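Please prepare a briefing on the enclosed spaces and the nonpolar core of this model.

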Amino acid sequence: MDEEMPSEVSSVEAEVARETWITRMGFIFAVWGSMTGLGNVWNWPFKVSVLGGGPFVLIYLVLLALIGIPVVLTEFVLGSTFRRGFPGALKRIHPGGEFLGWFTLVNAAILTSFYVVIIGWAAVYAGYALTMAPLPGAMEVAPGVAPTFLDQPYFFVNVLLSPLTVVGLIAVWIVIFIIDYFGTRGIERSVMIFFPLLWIVIIMMALFALAQPGAAEGIDFYLDPLRVDFDYVEMIGKATGLSFFKLSAGMGILTAYASYLPRKGELTNSAVTTSLLDTTFAFTAGLAVFPIAATAGVLGAGGAGWAFIAWPGGMTGVGGNLLGFVFFIMMVLLGITSAVSLTEAIVTAVMDKWGWPRNRTVIVIVLLLFVMGLPFASWFEAPGSAGGEDVSWGLYLLDIFDYYVEFFGLAIVALFMMLIMAWVWGGSKIIDAANESGDFKLPSWYTWVVKIVSPIGIAIALVFVALQGFYMPGVIADDPGTAPLLFQIPFIWFGIVVIFAIILWRMKGVD
Ligand code: PHE
């Protein structure tokens with residue numbers, strides 16, 4: 001708790017006493033820290049390679065200009081105008097807006113609860129990469145021989161099927177708690193260190209990777225510009241969802257962070273700069289991972305399995321455990337600044353609505369998110385895994401929830417937020433608010449981008465994703481025992497989010 005912030009403040013005083021970033025750079029780095037997360041390392045590069053190589057990158061950039069950046073800017077305007085977290089700010093436009101605000105935060109809370117589980121695995125990985133200690137468990141490399149970090153997939157399975165998932169989870173939450181306990185000061189200080197550090201690491205890794213013999217093959221796999229036989233419907237639908245995930249949009253985070261700007265803080269340039277920095281980092285991460293994977297002969301697999309199985313397994317040949325240590329520590333730091341931002345988005349909304357002091361709010365929210373994450377850290381073996389590999393319940397749940405939260409939840413939120421902002425509040429007000437202090441002025445036709453182009457683009461993307469049908473991880477789809485149960489998850493997800501959002505919306509507050 002900082003001296004300038006009295007601990008119990010009424011909402012009127014809160015308006016005056018609201019925390020602010022110390023510097024403009026602090027705000028930009030903090031937003032970048034939120035945007036640039038685990039998604040840059042496993043999600044973005046992998047989706048590029050699977051969904052469309054070079055053409056995908058171009059489509060992503062176009063969608064960034066037409067949908068992603070306008071949404072980021074609108075979230076900024078919302079926060080800086082009303083100086084509240086997402087629900088409180090939307091409430092000032094329309095009473096029903098507060099429902100959307102809580103819907104967003106509940107959805108994003110689910111996302112964060114499993115996101116931190118993945119950071120937890122990365123933390124466990126970093127520790128074992130450094131020490132190269134063997135990890136006994138369900139799988140052995142040979143009878144009586146426990147796998148080390150480099151022995152994949154045995155090591156991954158042993159981590160997932162052991163309480164280490166919870167140990168990692170606790171360790172990561174402790175760090176998040178400490179940073180967020182100090183509010184904007186904590187966030188600003190940590191990102192000021194992490195920002196240069198992470199850029200140096202990723203650039204060095206990319207240079208190292210590009211010097212490997214498999215570089216050409218890896219880059220070809222990543223960006224292959226000549227392939228055109230892609231499914232463009234899937235590509236556009238998923239690129240949009242991915243861009244929201246990447247930009248931390250549709251989570252209430254950008255609004256929370258912009259609410260800490262001093263009056264007349266710059267928004268337009270900040271939205272463009274942070275979005276492009278995030279994409280550049282993701283692009284560079286792709287340059288770092290694929291050449292190494294190609295050199296090690298592990299190109300091809302995907303998703304979390306790829307980052308945690310193929311990739312470290314490939315390090316036996318290239319870079320070894322030290323590269324592994326650097327890589328997984330980088331993942332931990334990238335993930336933490338993202339998880340902190342979402343924790344803060346919830347914390348600020350609770351402080352706004354109930355006037356709670358920061359210290360109490362942070363303790364309650366961190367504990368809540370930790371407990372919500374426990375099912376995703378469940379190390380019990382799922383029954384009848386048909387793929388022949390042992391998988392934990394936690395991984396199953398995580399995989400499916402990830403799909404619905406990322407591809408439906410975020411886009412639904414972004415769509416309704418854009419409609420409320422551009423049509424209920426006013427598209428020209430968004431432009432005016434941005435232009436008031438923008439480094440450069442948006443032309444008046446930009447009103448139509450926020451009113452028409454972005455919302456329609458998001459709606460199309462949602463339809464395109466829906467056309468992909470229900471998502472089932474391959475192992476589950478083949479298995480008649482678990483499939484019917486897990487098939488319910490999209491409905492369970494939607495039900496949980498709506499019910500909790502209504503409760504939070506209807507509760508009496510002081511704001
Ligand atoms: N933008 C983050 C990423 O790319 C996603 C995220 C943000 C997840 C905030 C949780 C909380 O990884």
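The notes below cover a pocket, a cavity and a core in turn.

This is a predicted model, in which local features need pLDDT of at least 70, side-chain atom pairs count only at pLDDT 80 or more, and totals for chains, interfaces and linings use all residues. Residues are numbered from 1 along each chain as its sequence is written, and side-chain values use heavy atoms, with hydrogens and water left out.

**Second largest pocket**
- The second largest pocket (on a 1 Å grid over the protein atoms alone, an open set of points with protein on both sides within 12 Å along at least five of seven lines) has a volume of about 640 Å³.
- Its lining (residues with an atom within 4 Å of a point) comprises 26 residues, with Val106, Ala109, Leu368, Met372 and Phe500 nearest the centre.
- Among the helices (DSSP runs of H or I, at least four residues, numbered from the N terminus), those giving two or more residues to this lining include H6 (97–131) and H17 (393–437).

**Second largest cavity**
- Three cavities of 30 Å³ or more are counted, a cavity being a set of grid points where a 1.4 Å probe fits but cannot get out.
- The second largest cavity holds about 130 Å³ of space, and of its 15 lining residues Ser34, Tyr115, Ser248, Met251 and Ser338 are the closest to its centre.

**Contacts of Phe308**
- Leaving aside neighbours within four places in sequence, Phe308 is in contact (heavy atoms within 4.5 Å) with residues including Trp121, Phe156, Phe328 and Met331.

Technical notes:
Points joined across faces, edges and corners; volume = space filled by probe spheres on them.
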